[in-house]
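Got your viewer open? Let's take a short walk through the pockets of this structure, one selection at a time.

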Amino acid sequence: MASELDQRLGFLKLDAQAWDALQRNLPVLEKNFDAILEDFYGHLTQYPYLSEKFHGNVEPVKNKQKEHWRTLFSGEFSEQYYKNVQHIGDVHYKVQLPPQ
């Protein structure tokens, strides 16, 4: 029987071809992470109900997002990656981050 991770990856159609594409594009994406994150979190912090979630310090969140993206685009979807994604979801739930 396939693990829950394998089932989720299959559902998302993340196969060897998709992993290869992710890995090939990582260097280009990684060069732009800082600019993308600056724009993204700059946008989010314009909304008081979201800005308050960061307690005035968005830098640690940006760094965590960068770590997550590096792993995501590396194509290495291990059990540890799955645990990390679950932890991210738990944190979002704990701070009552809206899913949109």
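Start by selecting Leu5, Arg8, Leu9, Leu12, Leu14, Leu72, Phe77, Tyr81, Tyr82, Val85 and Gln86: together they line the second largest pocket of this predicted model. The space you are looking at has a volume of about 200 Å³.

Next, colour the helices around this second largest pocket. Helix 1, residues 4-11, and helix 5 each supply at least two residues of its lining. Which helix gives the largest share of that lining? Helix 5 does, with 4 residues. Now switch to colouring by residue class: the lining of the second largest pocket has 9 nonpolar, 1 polar and 1 charged residues.

Ready for the next stop? Move on to the largest pocket, which holds about 1,000 Å³ of space. To find its centre, select Tyr41, Val61, Gln65, Ile88 and His92, the closest to that point among the 28 residues of the lining.

Then show the helices as ribbons and pick out helix 2 (16-44), helix 3 (48-51), helix 4 (59-74) and helix 5 (79-94). Each of these four supplies at least two residues of the lining of the largest pocket. Keep helix 4 highlighted for a moment, as the largest share of this lining, 8 residues, comes from it.

Finally, apply the class colours here too. What does the lining of the largest pocket have by class? You will find 17 nonpolar, 8 polar and 3 charged residues.

To end the tour, leave helix 5 selected: this helix supplies at least two residues to the lining of the largest pocket and at least two to that of the second largest pocket.

Definitions and conventions
Residues are numbered from 1 along each chain as its sequence is written. This is a predicted model: local features need pLDDT of at least 70, side-chain atom pairs count only at pLDDT 80 or more; totals for chains, interfaces and linings use all residues. Side-chain values use heavy atoms; hydrogens and water are left out. On a 1 Å grid over the protein atoms alone, a cavity is a set of points where a 1.4 Å probe fits but cannot get out, and a pocket is an open set with protein on both sides within 12 Å along at least five of seven lines; lining residues have an atom within 4 Å of a point. Grid points are joined across faces, edges and corners, and a volume is the space filled by probe spheres set on the points. Ala, Val, Leu, Ile, Met, Phe, Trp, Tyr, Cys and Pro count as nonpolar, Asp, Glu, Lys and Arg as charged, and the others, Gly among them, as polar.
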